[in-house]
Amino acid sequence: MPLYKTITVSQTTKVFIWKIEESLETLKETISLTDKNEARLKSMKSELHQKGFLSIRHLLKEVGLTDADLIYDEFGKPHLTNERFISITHSFNFTAIIYSTEKEVGIDIEKQRDKILKIAHKFTPFEEYKTIANHDALIRKLTIVWGAKESLYKIYGKKKLLFLHHIYVADFKFESAKTTGEIRFNGETATYDVAFTEFEGFTCVYAL
C-alpha cells in the first residue's frame, strides 16, 4: 500500500500522505464503511474521488481509527471523539491527514499550477509577490500561501472567514519550510505555526 510519506510534527501530532496508485477494488479491501458513508461513496461520480475517499480511510488505520470514528459537523468539518483532532485533504492522486491528540490542526495539498496566478488577487495582496521574477518560484510561493490559508480556514471550521481579509501568512523562505499564520476575526487574533513540504509538483501545507 502506498503510504507515501509520514511526517512526525511532534510527539502528539503526525502527518500521513498517501499516493493513490491502486485500483478501486484494491482500495475497498480491508475497509469497512458506515451505511451513510457507503451511500456517500456510491454517489460519487468520479472514480478519483472514490479512490481519494477510500485512501483517507486507509490513512485513518495508520493511527488506529476507522471510518466510524470520523464525524462531520454542520459546517463540514471532520471531528474525532476523545479530544483528538484531525484534518483531511485530497488533490488529484494524493490524499493526506494530520492527526493530533493535543490541538486543532489543518492540512491542505495543492497541485502547483499556473491557475493560481489568476486567482491570487482573491486570497492575498498580490503586489507583495511582484518582485519574484522566476515564474516557477512565484507559483510555488502562491501555492504555499493558499495552502496555509486553507489549512487555517479548516482549523477555524466555520463560515464567513475570508482568505483575503481575515487570514494572514507571514513571509517565508522556501528553505525554511515553515512560517506562521494568523486568523484575525471578530476583534480577536489567533496565531498558528505553519509548515510545508513539496513533492512531485504538489505542495502540502499544515497548520497547528
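Is T89 buried or exposed in this predicted model?

1. T89 is buried, because its relative accessible area is 4%, and burial is defined as a value under 20%. The residue belongs to strand β5, which spans residues 85-91.

2. The side chain of T89 places a polar atom 3.0 Å from the backbone nitrogen of I109. I109 also appears among the contacts of T89 beyond its neighbours within four places in sequence. That set further comprises I56, F94, T95, A96, I107, D108 and K154.

3. Strand β7 covers residues 106-111 and runs antiparallel to β11, the two being joined by six bridges. Within this pairing, K111 is positioned opposite F202 of β11.

4. Strand β11, formed by residues 202-207, is mostly covered, with six of its six residues buried. Two sets of side chains may be distinguished by direction: F202, C204 and Y206 point one way, while T203, V205 and A207 point the other way. Residues of both sets are buried.

5. Strand β10 (residues 188-199) also pairs with β11, again in the antiparallel sense and over six bridges. Here F196 stands opposite V205, a residue of β11 that is itself buried.

6. The connection between β10 and β11 merits separate mention. These strands form a hairpin with two residues between them, and E200 adopts a positive phi near 50° there.

7. Taken together, β11 has antiparallel partners in β7 and β10. For a reader inspecting the model, the T89 side chain and the I109 backbone nitrogen, 3.0 Å from its polar atom, may be viewed alongside these pairings.

Key:
Residues are numbered from 1 along each chain as its sequence is written. This is a predicted model: local features need pLDDT of at least 70, side-chain atom pairs count only at pLDDT 80 or more; totals for chains, interfaces and linings use all residues. Side-chain values use heavy atoms; hydrogens and water are left out. Helices (H or I, at least four residues) and strands (E, at least two) are DSSP runs, numbered from the N terminus. Buried means under 20% relative accessible area, exposed over 50%, partly exposed in between (1.4 Å probe, protein chains only). A polar contact is a pair of N or O atoms within 3.5 Å; within protein, one must be able to donate a hydrogen and the other to accept it, and residues adjacent in sequence count only if both atoms are side-chain atoms. Contact means heavy atoms within 4.5 Å. Two strands pair if DSSP finds at least two bridges between them.
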